[in-house]
Amino acid sequence: MSRTVYLNGEWLDEADAKISIFDRGYTFADAIYEVTAIVGGKLIDYHGHAARLQRSLGELGIECPLNADELLAVHREIVARNNVVEGMIYLQISRGVDDRNFLISKDAKPTFSMFTQTKDVIENPYAKSGISVVSMPDWRWERRDIKTVQLLYPTMAKSQAAAKGADDAWLIEDGFVTEASSATAHIVKQDGTLVTRDLSHVILPGITRASTLDLARAAGIKVEERPFTLGEAKEAAEAFNTSATNFVLPVVRIDGQQIGDGTPGPITKKLRDIYVESRLATAL
Ligand code: PLP
C-alpha cells in the first residue's frame with residue numbers, strides 16, 4: 001500500500017515526493033534526522049526526540065521550518081493518515097537546495113521530509129532470543145553526538161556483521177566500546193551494576209538510553225556512566241542495546257563469546273519490561 005508522506009508542507013503520495021539533486025542532503029550529507037517509535041498509534045518518547053532534533057539543527061546552524069506545535073501536529077497527522085499502529089516515523093531536515101559549493105550558504109531553505117514505516121515494535125523476536133554482535137573499529141567522524149545522515153559507515157559495519165553471521169556491530173575506539181552501529185551499547189557487571197558510556201562528542205545521546213537510565217536508577221539499579229572496554233564487555237553478566245524502535249534489546253554474544261548463559265539476562269528483561277510499560281503510559 002502506498003504511503004502518504006510529508007514534504008515541505010505538503011502531504012503527497014510517496015511516488016510523488018521528489019527532492020532536487022542539488023539538495024545538500026544528497027550532495028554533502030548536510031542533513032539531520034530523527035526516528036520516533038509508534039506503538040498503539042502513539043508516539044514514544046516524543047519530547048526527547050523533538051529536543052534532540054533541535055539540538056542537532058542548532059549544532060549545524062539549520063533552522064527548523066516548523067515550530068514546536070506544528071512539529072507535533074505533523075507527527076500526529078502522518079500516523080493518522082497512514083493508519084500506523086506500530087512502527088516508526090523517519091524525519092529528515094537538510095540544509096536545502098544550493099549550487100554545489102563546500103562553503104555553507106545562509107540562503108538555502110531547509111528541506112523537511114517525513115515518512116512512516118510499520119514494524120512489530122513490542123513483539124520483536126530478537127527481544128526474546130537476544131542478538132549477537134561483532135566488534136569493529138569505529139571509523140566514523142568525531143561529532144557522533146549530532147544525528148546526521150552520514151550513515152555509510154554504520155551500514156557497512158552492519159553489513160559486515162551480517163556477512164560474519166552476526167546481527168550487529170559494536171564499534172571500538174582506543175580499546176573502548178563507543179556504541180552499536182545504530183544503538184547505544186550497555187553492559188551489566190557481575191555485581192548487577194549497569195555500565196554505559198558517558199555522553200560526549202563520540203556517541204549519540206540516545207533518547208532510549210536516557211529513559212532507560214532514569215528507569216534503572218528508579219528501580220534501584222546502580223548505574224555507572226563511563227567508557228568500558230571490549231574485554232570488560234565480554235566478561236559482563238549481561239549486555240544490551242537501546243534504540244528508539246528496538247527499545248531494550250538483549251545482546252547474548254560478542255565476537256562469538258557467550259555473555260552470561262547466552263540468553264537475555266534478568267536485568268535486561270526487567271529494563272525492557274519497565275521501559276515498555278512506562279513508555280506506553282506516557283505515549284502521546
Ligand atoms: N547510537 C547511534 C549511532 C544511533 O544511530 C542510535 C539510533 O539511531 C542510537 C545510538 C540510539 O538512539 P535512540 O535511543 O535515540 O534511538
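**Exercise 1.** In this predicted model, work out where the ligand lies with respect to domain 1 (4-118) and domain 2 (125-282).

*Solution.* Begin with the shell around the ligand, to which domain 1 (4-118) and domain 2 (125-282) both give residues, so the ligand lies between them. Next, look for the site itself: the ligand sits in the largest pocket. Then turn to secondary structure, where the elements that give two or more residues to the shell are helix 2 (46-60), helix 6 (207-218) and strand 13 (238-243).

**Exercise 2.** Describe the residues around the ligand, by class and by which of them come nearest.

*Solution.* Sorting the shell by class gives five nonpolar, eight polar and four charged residues. Of the 17 residues around the ligand, those that come nearest are Arg52, Glu179, Ile207, Thr208 and Ala244.

**Exercise 3.** Identify which ligand atoms pair with Arg52, Glu179 and Ala244, and state how much of the ligand the protein covers.

*Solution.* Start with the side chains: an N or O atom of Arg52 is 2.7 Å from a ligand oxygen, while an N or O atom of Glu179 is 2.7 Å from a ligand nitrogen. At Ala244, a polar backbone atom is 2.8 Å from an oxygen atom of the ligand. Finally, of the 390 Å² of accessible area that the ligand has on its own, the protein covers 92%.

Conventions. Residues are numbered from 1 along each chain as its sequence is written. This is a predicted model: local features need pLDDT of at least 70, side-chain atom pairs count only at pLDDT 80 or more; totals for chains, interfaces and linings use all residues. Side-chain values use heavy atoms; hydrogens and water are left out. A residue is near a molecule or strand if one of its heavy atoms lies within 4 Å of it. A polar contact is a pair of N or O atoms within 3.5 Å; within protein, one must be able to donate a hydrogen and the other to accept it, and residues adjacent in sequence count only if both atoms are side-chain atoms. Accessible areas come from the Shrake-Rupley method with a 1.4 Å probe; for residues, only the protein chains shown count as cover. On a 1 Å grid over the protein atoms alone, a cavity is a set of points where a 1.4 Å probe fits but cannot get out, and a pocket is an open set with protein on both sides within 12 Å along at least five of seven lines; lining residues have an atom within 4 Å of a point. A molecule sits in a cavity or pocket if more than half of its atoms lie within 2 Å of its grid points. Helices (H or I, at least four residues) and strands (E, at least two) are DSSP runs, numbered from the N terminus. Ala, Val, Leu, Ile, Met, Phe, Trp, Tyr, Cys and Pro count as nonpolar, Asp, Glu, Lys and Arg as charged, and the others, Gly among them, as polar. Domain bounds come from an automatic or database domain assignment.
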